[in-house]
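These are my notebook entries on strand pairing and ring contacts, written with the sequence and the model open side by side.

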Amino acid sequence: MLRSLSILFPPLLLAAFFNLPFVAVGTPLQGEASYQRVSPRQPPPSGNSTLQVCAPLLTKLGPPVVITPFDFAFREAANNAWNLYNTLYSPTCIIHPQRAEDVQRVMEAIYQAGGVKYAVQAGGHSAMREWDTTDDGVLISFADMTNVSYDATRDTISLQPGVRWGEAIAYLEPFGVAPLGGRLGDVGTGLLLGGGLSYLSARHGFSVDALVEADVVLVDGRLVTANATNEYADLFKALKGGASRFGIVTRYEVKAIHVGTNEEKMMVGGSVIFDNSTTEDLLRATANYVNNVEDPNTSLLVIIGATLDNNTVSPVNVITFFYNGTSLPEGFANPYHEFLSLPYLASAVGSYSFAEANSVLGSGGDKGSGQAFGASAFGSAEWDIGQGLASNEEESFERYMKAYRAFNGFLEKVKGTVRPTPTGTPTPPAFPYPPPHFPIFPTWPAPPMPYPPPPPPPPTGAPGPSAPVPKPTTSTILPPGPQPTWVPPPYPTSSFPPPTSTSKPGSGTPTTHQRRQGPKTSTSTSKTYPPGPTYSFPASPTWSFPTYPSPTGPIPTYTYPTPSTTPRPLPPVPISFIDDPSADGVAAALLAFTPVLKSQIEASRKAGGNVIDPPLTSYALVQFHVTMPEWLGIMPRRVVEARKEVLKELSASAGLPLYMNECDAEQNVFATYGQYEFLKQVYKKYDPTGINMRFMKGPPGL
């Protein structure tokens, strides 16, 4: 009965009428009495305002745009986030906009309802809980808006919000241009709104400094175009670091950076791996780099990391650097000479194209683990001494060593015994899939593209064995011949013959598809063949069968469907929500240092500035990154407490801004910005009722 009703009425209206709960597959329910209980998600109350928003949207925009929990695609869309914790929520409906007008209708409906919970997901690469998803709310996912274009006349690149940097760089590579994006291919355009760092930042500024204009849907549903010179110039500047608080961007237009094609190796650098005996030397080299390097052609990422397995901590240190040029300066003029003079375990230093450089660290798209970030900023010795934070250079460097000691203490507190692998033989992945033990780890050698290449085409030689042909229901005997050259995908409950020719070329025996067409007249004699057997093909949601041509037409050349090139992980281990102090540890952790040079800040100001507005001094952005085991759906209390201790020890140098894209959800990054007061004024102007802050999880402080 409900099935027939669902055809006549929108599913959400049925849910509202029958007060049905939306409980997604995999949503944690209460455990056994002997375990700590995890409360199930409660169903929305009668007259829930989110349903009142989603139901009319389903009618206006249609099922392809509005996905409900009754749709097969709902769980896949809800699980699209990189952070495991952000896949455990269940929105009331998911919107897949096809154009900016769809976003307008959604925000207009939310605004007219007085506000309901909502979230926006571009690349879905946030480590902050609920910043790119929502529970019992409206999730706007830009998975279908992924267009990229290059305007040679304006020398700008247009990006829709759903595209990822790896896709954009790969598409634009033949033109020899690229956007100022991120350093991992799987990260999306949301990076721009948080500032953004790239391998070209020292010369061109933060990634968002290349923004020329943006189409923005405001909280009340209005669509405006903001740039540096029109009436929305204040909004334009607020977008440059204001994260998700100032509207939903549906189009970015950014400056094109001329980086050359893959054949033009315009960068030199790579990754170098060290053991932990070099940690203090690496940290000192990093501090000296911040204190002394002024070359705008440089970029550097230093990682002090460790993986944890079976109560064992395995430390590993990695630097990744790229110099914008065909060779490194010689001698002490080489900005990386301190790093390269240290003993190392492995090195992949050489000449790279820009696209190749952006794939050295992999795509960063390994999903299935809980993630947590934390941010800090360490000033140069000049800044710390000038601000009275240190009396000399050595005292300034002590901040790095204090962070390292806190990091080591964290590892000792959180290591635990990883649960054994489930019994049985898992289905092998379609492509090699490295376990996410280390969140940022170089690949050797650097792949030419951000993503794995497509699989090789099917062999052209003799095909393999095919499924047996069912016995005909009539006395007609199928003529002998070679094995068929195309086999439909097997189905678990049915077997059927391949729809291809079963006769040798040039023979007088009719082909299978000719017999299905009825009698055929030969050029020499007329002969009528009895009708062949009739086969019923089961319906398939993913494959379509070819249309057979007329008997006189050419025999088609069948091609295999192209499989997805996305790496497929092994079947996931069942997720646990039990806080077991004796077993729950972390999978990996790292401290990452990204120097921000004076030249980057000067380039930013020359481009019009942003609300981050750092003081004109070099400093290091510090990221504390924790990756949890795949099977653990919560962060154990001891890990939570140990993280807080590390973040307390990672105190930032006063007067320096934190990096929004690497922060903890509770850190007030806006308050560290140089343009914080301006930011608050602009927010009050464009969202006077505070819809965004009240109904959307995101950065605090406005």
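Which residue in β16 is the bridge partner of V268? I looked it up and found S351. I note at the outset that this is a predicted model, and I read each entry with that in mind.

Entry on β12. I followed strand β12 over residues 267–274 and checked its covering, and 8 of its 8 residues turn out to be buried. I then went through its neighbours, beginning with β14 (residues 312–324), which pairs with β12 in the antiparallel sense over 8 bridges; within that pairing I located V272 and found I319 as its bridge partner. The V268 entry above belongs to the pairing of β12 with β16 (residues 350–352), where 3 bridges join the two strands and the sense is again antiparallel. For β15, residues 346–347, I counted 2 bridges to β12, also antiparallel, and I saw that I273 stands opposite A346 there.

Entry on the open sheet. I traced 4 strands in the order β1-β2-β4-β3, with mixed pairing. At the edges I found β1 (66–67) and β3 (118–121), each of which pairs on one side only. I looked at the β1 edge in more detail: β1 and β2 (residues 93–95) pair in the antiparallel sense over 2 bridges, and V66 stands opposite I95. I also recorded helix α5 (residues 100–112), which lies across β2, β3 and β4 (138–141) and runs at about 160 degrees to β4.

Entry on rings. I searched the whole structure for aromatic pairs and obtained 17. One of them joins Y171 and F175, whose ring centres lie 6.1 Å apart with 50 degrees between the planes, so I logged the pair as tilted, given that the tilted class takes in angles that are neither under 30 nor over 60 degrees. Are the two residues of this pair buried or exposed? I found Y171 partly exposed, at a relative accessible area of 43%, and F175 likewise partly exposed, at 45%; both assignments follow because partly exposed covers the range between the 20% and 50% limits. Elsewhere I noted a cluster in which ring pairs link Y289, F321, Y336 and F339.

Entry on charges over rings. I checked K237 and found its charged end over the ring of F678, 5.6 Å from the ring centre. For R284 I recorded a position over the face of F397, with 4.1 Å to the ring centre.

How values were computed:
Residues numbered from 1 in each chain as written. Predicted model: local features only at pLDDT ≥ 70, side-chain atom pairs only at ≥ 80, totals over all residues. Heavy atoms only, no water. Buried < 20%, exposed > 50% of the residue type's maximum accessible area, 1.4 Å probe, protein only. Pairing = 2+ DSSP bridges. Phe/Tyr/Trp six-rings, centres within 6.5 Å; stacked < 30°, edge-to-face > 60°. Lys NZ or Arg CZ within 6 Å of the ring centre and 35° of its normal. Contact = heavy atoms within 4.5 Å. Axes fitted to C-alpha atoms, helices over the stretch in contact; angles between N-to-C directions.
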